[in-house]
Amino acid sequence: MSVAGLILAAGQGVRFGSDKRLAVLPDGRTMLEAALQPYAGLCEPLLVVIRPDDDGARDLALSCGAQVVTCADAASGMGHSVAQGARALMSMTGLDGVIIGLADMPWVTRATVQSLQQALLQTGQPVVPVYRGKLGQPRGLPVSRLPDLALLKGDQGARHMLDWQRDAVPVTVDDAGVLFDVDRPEDLRTSPVAP
């Protein structure tokens, strides 16, 4: 049984002021490295969606053991990145599901990804992490949902396919990182696990 990882890393990061995926965290890792590590060796295959000619992100993704998928329409919205990743996964065999994560969420723990993976395999249903009553990211979907994901465009995400509150299996986690993304440099200093 196999659950893929699909990390969306094709955004522009305009509010950050520079390429936030390459921003260095207090522990010395780049944000992209930190975002990929919980999935590496656990989710097979691990795909990272980036913009074309994005050499810095490409090199980091490959160094973490991920496969790179480029999305020419990334600037048109996250839905295009999700769709491109879904189409890449649809060409692979033996998958049972996918966990979709975000490159600007570097504090999600490996334990959370593992819990989502187990719940997805056990239930065959969409799964969502819940921390102190709040739904977070990443989120998991059975492989049967890939054709729907492949049709997304613009700023559409999987929330346009289902009601996560009603239709997903909640997975309680002790991981504040599922609620925190990085939009601005100061977010790095207010991380849920900052020293």
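In this predicted model, Asp53 is exposed, with a relative accessible area of 73%. The residue sits in the loop between S2 and H2, and its phi is near 55 degrees, a positive value in a residue other than glycine. Arg132 offers a companion case: this residue, also not a glycine, has a positive phi of about 50 degrees. Its place is in the loop between strand S5 (127-131) and S6, where Arg132 is exposed with a relative accessible area of 72%. As background to both cases, most residues other than glycine have a negative phi, and most peptide bonds are trans.

The second half of that background invites a look at the prolines. The peptide bond from Glu44 to Pro45 is cis, with omega near -5 degrees, and Pro45 belongs to the loop between H1 and S2. A cis peptide bond also runs from Gln137 to Pro138, here with omega near 5 degrees. Pro138 is found in the loop between strand S6 (134-135) and strand S7 (139-142).

Gln137 and Pro138 turn up again in the lining of a cavity. Rolling a probe the size of a water molecule over the atoms shows where empty space is left. For the whole structure, such a search returns 1 cavity of 30 Å³ or more, with a volume of about 30 Å³. Besides Gln137 and Pro138, its lining comprises Ala35, Tyr39, Gly101, Leu102, Met105 and Val108. Sorted by class, the lining has 6 nonpolar and 2 polar residues, and no charged ones.

Helix H2 (residues 55-63) shows how burial can be divided around a helix axis. Its buried residues are Ala57, Leu60 and Ala61. These cover an arc of only 100 degrees around the axis, which puts them on the same side of H2. The general geometry is a helpful reminder here: an α-helix has 3.6 residues a turn, so residues three or four places apart point the same way. On the face turned away from the buried side, H2 carries the exposed residues Asp55, Asp59 and Ser63. The cover over the buried residues of H2 includes helix H1 (31-36), strand S2 (46-50) and strand S3 (67-70). Just after H2 comes Gly65, with a positive phi of about 85 degrees.

Charged pairs complete the picture. Side chains of opposite charge can pair when their charged atoms come close, and the whole structure contains 7 salt bridges. One of them joins Asp104 to Lys20, with the closest N and O atoms 2.9 Å apart. Asp104 lies in the loop between strand S4 (97-102) and helix H4 (110-123), while Lys20 lies in the loop between strand S1 (3-8) and H1, so the pair ties together parts that are 84 residues apart in sequence. Both Asp104 and Lys20 are buried, and together with Asp183 they are linked in a network of salt bridges.

What are the salt-bridge partners of Arg166? Arg166 pairs with Asp163, where the closest N and O atoms are 4.0 Å apart, and with Asp167, at 2.8 Å from N to O. Arg166 is exposed, having a relative accessible area of 63%. Asp163 is partly exposed at 33%, and Asp167 is partly exposed at 30%.

Definitions and conventions. Residues numbered from 1 in each chain as written. Predicted model: local features only at pLDDT ≥ 70, side-chain atom pairs only at ≥ 80, totals over all residues. Heavy atoms only, no water. Buried < 20%, exposed > 50% of the residue type's maximum accessible area, 1.4 Å probe, protein only. Helix = DSSP H or I, 4+ residues; strand = E, 2+ residues; numbered from the N terminus. Arc of directions from axis to C-beta. Contact = heavy atoms within 4.5 Å. 1 Å grid on protein atoms, 1.4 Å probe; cavity = no way out; pocket = protein on both sides within 12 Å on 5 of 7 lines; lining within 4 Å. Points joined across faces, edges and corners; volume = space filled by probe spheres on them. Nonpolar A, V, L, I, M, F, W, Y, C, P; charged D, E, K, R; others polar. Salt bridge = Lys/Arg side-chain N within 4 Å of Asp/Glu carboxyl O.
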